[in-house]
Amino acid sequence: MTANKKVLLCGGGNAIHVLTAYIGSLPDCDVLVFSSFPGEADRFREALPEEGITCTNDLGDDMIGKPVKVSDKAEEIVPGADVIILAIPSFAHELYLRLLAPYVKPGVVIGAMPAEGGFDLCARHVLGADFVDQSNIFALETLPWACRIVEYGKTAEVLGTKVEIDFVMTEGPGNNAECMSLLQRLIGRLPELKPACNFLAVTLMNINSVWHPTISYAFYRNWDGKTPFDEPPLFYYGADEYTGEKLAKVSDEVLAIRTAIQEKYPDLDLSSLHHVRDWMLRSYGDDIGDKTNIHTMLITNKGYRGLTHPMMKVETPEGTKYTPNFGYRYFSEDIPMGLCVTKGIAELAGVPTPNMDDVIVWCQEQMGKEYVIEGKFVGKDITSTRSPQTYGFTDLHSFLEANRYI
Ligand code: NAI
């Protein structure tokens, strides 16, 4: 009899609850949960009921699964893991990779969902190029679900399951097709994992890095910077035509990077990198009421209904009001692990990105950071991003070659 696969989940939030239930329900897998977040592992373990976590989902495939171990100590839980999944905000990827590094075995299948931009650059930097070349590093372009914890450590809910999402895995010792079908089984029958060309295409496709900062920039462009809102404004349904046009222009610039790279390297396949318009149609399909343009798609997509801008409550003499939360992951993740990575690649490829720059410059002001100055990626905070420049790349050829894109 073959031993069960040991699947190590890193984190302890919404996604980890769903994954625990899904993977714990598989008879040939043992789930282990590793959280370094202070107190989280204890809280998770203590909350677990005898039967494990129950997760309801929109497909009607409800799951129940229990971890065999929950720990905050890497040395106790990491050795022997066959598959490692990071389902945490991308700013915590490096921290977790550093904790895992002494205990992971080469040949492991390790990756992130979602990856955001430059996950492979970070993995090469922390785990070492040789380790990465001997292992299967994977990334999902986004989380397979919109999901949330209902009761911590006990119940979770998948509100929406995506139809298909891009997936990438490096060539390692394991059979890629087998690794991919294992991952598909771990996340359930949907969304269907669609192989993307390579990590570069996934990094540039990173939808969150286009969506969240650009929609925020466009929404707040007319705000006076101080008057609080009576209600949290709608994020997607509050978008106007300008927002749709700006999203299209930022996405056009990403495709211009693709064109510039492919002119120099015609054999480099980036065909899984699409315009955000096509991504939207593919990801949400018939959930979209009006497919005329990006603006109409945003405001008629069932999956986006009711979602609001991230806000903080403030008490005023007129009662509770709301001000924008510019510390939210739409900024803290989607700029340094998102749009800045794309901007860094644009710079190596010699592609001007005036629309992307508008968005980054506005976001960096709200975040108190400095990445782009007069169109150049030279601000003092660029080393805290996952851009190629952070890892020492100053020319396109070395960047493509060292990361095995060519
Ligand atoms: P979450 O906010 O529920 O979980 C965050 C977890 O990450 C925490 O429980 C903790 O374990 C860890 N963490 C957070 N900050 C940390 C820090 N400073 N140091 C160490 N660990 C830290 O996140 P969720 O909802 O599980 O999402 C995971 C990822 O998926 C995020 O990147 C999120 O943006 C993305 N995502 C989530 C969706 C959802 O519906 N929940 C939908 C699409 C993407």
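Biologist: Which ring does the charged end of Arg43 sit over?
Modeller: Happy to start there, keeping in mind that this is a predicted model. A charge counts as sitting over a ring when, among other conditions, CZ of Arg is within 6 Å of the ring centre. The charged end of Arg43 is 3.8 Å from the centre of its partner, and that ring belongs to Tyr152.

Biologist: And how far is the charged end of Arg221 from the centre of the ring of Tyr242?
Modeller: Here too, a charged end sits over a ring, with Arg221 placed over Tyr242. The distance to the ring centre is 3.9 Å.

Biologist: How many aromatic pairs does a search of the whole structure find?
Modeller: Rings pair if their centres lie within 6.5 Å. Searching the whole structure on that basis gives a total of 24.

Biologist: What kind of aromatic pair do Trp211 and Trp279 form?
Modeller: Their centres are 6.0 Å apart, with 80° between the planes. Planes over 60 degrees apart count as edge-to-face, so the pair of Trp211 and Trp279 is edge-to-face.

Biologist: Which helices hold Trp211 and Trp279?
Modeller: The two residues are 68 apart in sequence, so their pair ties together separate parts. Both are buried. Trp211 lies in helix α9, and Trp279 in helix α11.

Biologist: Are Tyr220 and Trp362 buried or exposed?
Modeller: Their planes meet at 15° with centres 6.0 Å apart, so this pair is stacked. Tyr220 lies in helix α9 and Trp362 in helix α15, so the pair ties together parts 142 residues apart in sequence. As for accessibility, both Tyr220 and Trp362 are buried.

How values were computed
Residues are numbered from 1 along each chain as its sequence is written. This is a predicted model: local features need pLDDT of at least 70, side-chain atom pairs count only at pLDDT 80 or more; totals for chains, interfaces and linings use all residues. Side-chain values use heavy atoms; hydrogens and water are left out. Rings of Phe, Tyr and Trp (its six-membered ring) pair if their centres lie within 6.5 Å; planes under 30 degrees apart count as stacked, over 60 as edge-to-face and the rest as tilted. Helices (H or I, at least four residues) and strands (E, at least two) are DSSP runs, numbered from the N terminus. Buried means under 20% relative accessible area, exposed over 50%, partly exposed in between (1.4 Å probe, protein chains only). A charge sits over a ring if NZ of Lys or CZ of Arg is within 6 Å of the ring centre and within 35 degrees of the ring normal.
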